[in-house]
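Hi,

Here's the structure I said I'd pass on to you. Have a look at it first, and then read my notes underneath.

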Amino acid sequence: HPAPPGEQRSTGTVVWTDRFLDYTWTPEHPMKPARLKFTMALAESLGLLDGVELLAPTAADRADLLRIHTPDYIEAVEQARAPVGSPQAPPYGLGSPDNPVFPGMHQAASVIVGGTLAAARAIAEGRTRRAVSIGGGMHHAMADAASGFCVYNDAAVAISWLLDNGFDRIAYLDVDVHHGDGVQRAFYADPRVLTVSLHQHPATLWPNTGWPEETGAGAAAGTAINLPVLPGTRDAQWLRGFHAVVPGALAAFRPQIVVSQCGVDTHCEDPLADLALTVDGQRAAFRAMRDLADQHAEGRWLAVGGGGYGLVRVVPRAWTHLLATALDRTIAPETAIPQDWIDLVRAQAPQVDPPRTMGDGGDIAYRPWDGPGGTGETGDAR
Ligand code: ZLV
Ligand code: CA
Ligand code: ZN
C-alpha cells in the first residue's frame, strides 16, 4: 500500500465530527457525549491539535452496515421509537435499560461507523499510517442486536471493509475492561482476523464471556485470544499480562494492520468495573500498541475509543494521551492541565473535582522483559 505519488503521507490522522455528540442515550445513562467533548477540548487546549488535519466523516451507508448487521435489525433501528405507554420493549435489544431508544439513533450510530470507516480508508489508501476515531469502539453490537450501549459495530464493519480492500491478516486488540464479544463473534470462524481482548474476569463482569478457552472455531482455531484479569488488577500486573501475550501473538500472526479498541473503563475510578489502572498505565498500553503496530504491521494502526465513564477525571486525559500517541507526540504525565480547560469543566460539571496533571502519579513500575542480556530499554514506564 504505497503512498499516492506526490502526496504527503501523514503519520497520524484524527477523525472528528461534532455529529459524534448526537450519540446521546438518556440523561441518566453512563455513556455521555460530554466525555468526547471534554477530550477534544483538552487536546485542543494543550495545543495537541495545532496543525493537525481533522478528517470529518459522513454516516456509513446501508451497504456498509450490511457487512455485519442483518437487514431486519437495521430496519428495526431505523424504525425504533420510544415506546409510548407500553412496557413492551422493542425486539433486537432495543429499548432495554442498557440500550434505550433515543431520537436519531440510527443516524447517530451510522456516523460512528462512518468515522471508523474513514479511518480505515485513510490508512488503506496510504494517506496516513495511523488514524484515531474516539467516537468508535462499539464492540458489543451483534449482527442482529444492540447490546451494552452499542448499536452498530463500527470496528467489525471497518475490519470487514479492510478484508475486502487488500488486507488478509488483521489483528484486533481490545483493552476495554469489558469483553469485546461482538467483534470476537463476527470473526470467530475467520482465520484472517486475530481478536485479542483483555478484560475483567467474566465470572465478575458483564457480558460474562471472554473465557480463556474461547479460542476460535474451525480453520480459525487459535485466532481468538482472551485474557481475563481479576478485580483490583493494577497497572504493573495488567501490563505484565499484556506483554506476556500480545507481542508474541502479533509476531506469530504477522498482521498487516492493527485495530485497537481503546476503552478506558479499566481505570480505578471507573464506576462500571473494578480494575485499578491509572491514566499512566493506560497511556503505556496505548504506546505499547502503537509500537507493536510499528514493529509488526509497518506502522498501520487504527485506534477507536470505547468505554470509559469517568467523564471529567479519566476519559479526557486518557484519550488525549491516545491522540498524542497516534500523532507521535509525548505528553508527560507531569504536564499541568491548562486552566482554561479546568474552568470549562467546572462550569459544566461543578460537582466533580477536575484533575490537575496529565497523569495520576501512577507507579506503573513495569518494564517488559526482553530476554537474557536485554537492556530493558523497550519499556515504557515514562
Ligand atoms: O464499555 O445500565 O450489566 C463499550 C462498553 O464495553 C448489564 N449491562 C446488564 C445486565 C443487566 N443489565 C443491567 C441493566 C442496567 C441498565 C443500565 C447502567 C446504568 C447506570 C450505571 C451502570 C449501568 C451498567 N450497565 C453497568 N454495566 C452495565 C452493563 C453494560 C455495560 C456496557 C459496557 C460498554 C462501550
Ligand atoms: Ca476488552
Ligand atoms: Zn467497557
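Below is what turned up around the metals, the ligand and the empty spaces. Keep in mind that this is a predicted model, so every value here is computed.

Let's start with the zinc ion (ligand 3). Its donors are Asp176 (OD), His178 (ND1) and Asp265 (OD), at 2.0 Å. Along the chain, those residues follow the spacing D-x1-H-x86-D. Asp176 and His178 are both buried.

Those two residues come back at the calcium ion (ligand 2), which takes the O atoms of Asp176 and His178 as donors. The rest of that site comes from Asp174, through both O and OD, plus Ser197 (OG) and Leu198 (O). The distances there run from 2.5 to 3.0 Å. In sequence, the calcium donors read D-x1-D-x1-H-x18-S-L. What geometry does the calcium site have? It is irregular, with angles of 69 to 168 degrees among the six donor atoms.

Next up is ligand 1. It has 16 residues around it, and the closest are Asp98, His139, His140, Asp265 and Tyr309. Asp265 is the one you just met as a zinc donor. If you want polar contacts to check, here are three:

- His139: a polar side-chain atom sits 2.7 Å from an oxygen atom of ligand 1.
- Tyr309: an N or O atom of the side chain is 2.6 Å from a ligand 1 oxygen.
- Asp265: a side-chain N or O atom is 3.0 Å from an oxygen of ligand 1.

Now for the pockets. The second largest one has a volume of about 170 Å³. Its lining has 19 residues, and those nearest the centre are His140, Gly148, Phe149, His178 and Tyr309. So you'll recognise a few names: His140 and Tyr309 are also among the closest residues to ligand 1, and His178 gives its ND1 to the zinc ion. By class, the lining splits into eight nonpolar, eight polar and three charged residues.

Finally, the enclosed space. How many cavities of 30 Å³ or more does the structure hold? There are three. The largest cavity comes to about 60 Å³, and its lining includes Phe20, Tyr23, Met31, Lys32, Arg35 and Ile112. That lining counts seven nonpolar residues, one polar and two charged.

Cheers

Key
Residues are numbered from 1 along each chain as its sequence is written. Chains are lettered from A and ligands numbered from 1 in the order in which they are written. This is a predicted model: local features need pLDDT of at least 70, side-chain atom pairs count only at pLDDT 80 or more; totals for chains, interfaces and linings use all residues. Side-chain values use heavy atoms; hydrogens and water are left out. Donors are N, O and S atoms within 2.8 Å of the metal (3.2 Å for Na, K and Ca); water is not among the atoms, so sites may look incomplete. Buried means under 20% relative accessible area, exposed over 50%, partly exposed in between (1.4 Å probe, protein chains only). On a 1 Å grid over the protein atoms alone, a cavity is a set of points where a 1.4 Å probe fits but cannot get out, and a pocket is an open set with protein on both sides within 12 Å along at least five of seven lines; lining residues have an atom within 4 Å of a point. Grid points are joined across faces, edges and corners, and a volume is the space filled by probe spheres set on the points. Ala, Val, Leu, Ile, Met, Phe, Trp, Tyr, Cys and Pro count as nonpolar, Asp, Glu, Lys and Arg as charged, and the others, Gly among them, as polar. Four donors count as tetrahedral if all angles lie between 85 and 135 degrees; four count as square planar and six as octahedral if opposite donors are over 155 degrees apart and all others between 65 and 115; anything else is irregular. A residue is near a molecule or strand if one of its heavy atoms lies within 4 Å of it. A polar contact is a pair of N or O atoms within 3.5 Å; within protein, one must be able to donate a hydrogen and the other to accept it, and residues adjacent in sequence count only if both atoms are side-chain atoms.
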